[in-house]
Amino acid sequence: MRVIAWLVEGTWPACVDAVRTHAPPDAKVVLLHVSGPDVPGVAHGAFAGLLGRGHPERDPGGRLEALEGTSATEILDAAAERLGRPCARAERSGRVEREVVAAAEGADLLVLARDGDRSRLGPRSLGPAVRFAVDHAPCPVLLVWPEPAPGLATIPPPPPHHHH
């Protein structure tokens, strides 16, 4: 069995714990971190727009790329330690939701955490990236709450019944 755990800053511990709980001991676990192209690209563009292209050494985009890489490595290291068993690590970059779906090809399970409004139950607890991954994953998905799930009383009421 091959299990992919999509690790995102802030919610990754819940994914690792879910793998520890639900994946068989002999499962091949892949810890996945995906860096989006957005942040360094925006920084490069803003720098060029504001200050021109005459001072590339001052462009913050490169520094942000390096920081993003450090963050991914730190998350992967911490997740591997928390998992406490052999695992592979995968770093990808690009359109986050598409990279996650591509990484899940051939997997037996994709583990990911809710990324939207986690104060109540319902569809808004999924942000766009997780919604895309859930809708397009080529394997079964285990969707976890990063913290204890809200109570059933948080389910929004049904829409009022309309009479014609």
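Here are some short exercises, each with a worked solution, on the predicted model shown above.

**Exercise 1. Find how many helices and strands the protein chain has, and in what order the elements run.**

Start with the tally: the secondary structure comes to 5 helices and 5 strands. Next, walk along the chain from the N terminus, and you will meet the elements as β-α-β-α-α-β-α-β-α-β.

**Exercise 2. Work out what share of the residues is buried, and what the protein chain exposes.**

Begin with the inside: of the 164 residues in the protein chain, 38% are buried. Then turn to the surface, where the chain exposes about 9,700 Å². Carbon and sulfur atoms supply 57% of that area.

**Exercise 3. Locate the largest nonpolar core and say which elements build it.**

First, note that this core has 22 residues. Within it, V3, L7, V19, L31 and V111 touch the most other members. Now look at where the core residues come from: β1 (2–6), α1 (12–22), β2 (28–35), α3 (60–83) and β4 (109–113) each supply at least two of them. The largest share, 6 residues, is from α1.

Finally, zoom in on L7. Setting aside its neighbours within four places in sequence, L7 is in contact with W12, C15, V16, L31, L32, H33, I75, L76 and A79.

There is also a second, separate core of 19 residues, and W6, A103, L112 and C139 are among its members.

**Exercise 4. Trace the path from β4 to β5 and describe how these strands pair.**

Take the pairing first: β4 and β5 (residues 141–144) run parallel and are joined by 4 bridges. For an example, pick L110, whose bridge partner in β5 is V141. Then follow the chain itself, which leaves β4, passes through helix α5 (residues 128–136) and arrives at β5. This β-α-β crossover is right-handed.

**Exercise 5. Decide whether C87 and C139 are buried or partly exposed, and count the disulfides in the structure.**

For the first step, recall that buried means under 20% relative accessible area. C87 has a relative accessible area of 26%, so C87 is partly exposed. C139 has 11%, so C139 is buried. For the last step, search the whole structure for disulfides: the count is 0.

**Exercise 6. Find what percentage of the contacts with a separation of 6 or more joins residues 24 or more positions apart.**

Keep just the contacts in the protein chain with a separation of 6 or more. Among these, residues 24 or more positions apart account for 76%.

Methods: Residues are numbered from 1 along each chain as its sequence is written. This is a predicted model: local features need pLDDT of at least 70, side-chain atom pairs count only at pLDDT 80 or more; totals for chains, interfaces and linings use all residues. Side-chain values use heavy atoms; hydrogens and water are left out. A disulfide is a pair of cysteine sulfur atoms within 2.5 Å. Buried means under 20% relative accessible area, exposed over 50%, partly exposed in between (1.4 Å probe, protein chains only). Helices (H or I, at least four residues) and strands (E, at least two) are DSSP runs, numbered from the N terminus. Contact means heavy atoms within 4.5 Å. Accessible areas come from the Shrake-Rupley method with a 1.4 Å probe; for residues, only the protein chains shown count as cover. A nonpolar core is a set of buried Ala, Val, Leu, Ile, Met, Phe, Trp, Tyr and Cys residues joined through side-chain atoms within 4.5 Å. Two strands pair if DSSP finds at least two bridges between them. A crossover is right-handed if, with the strands pointing away from the viewer, the path from the first strand over the helix to the second runs clockwise.
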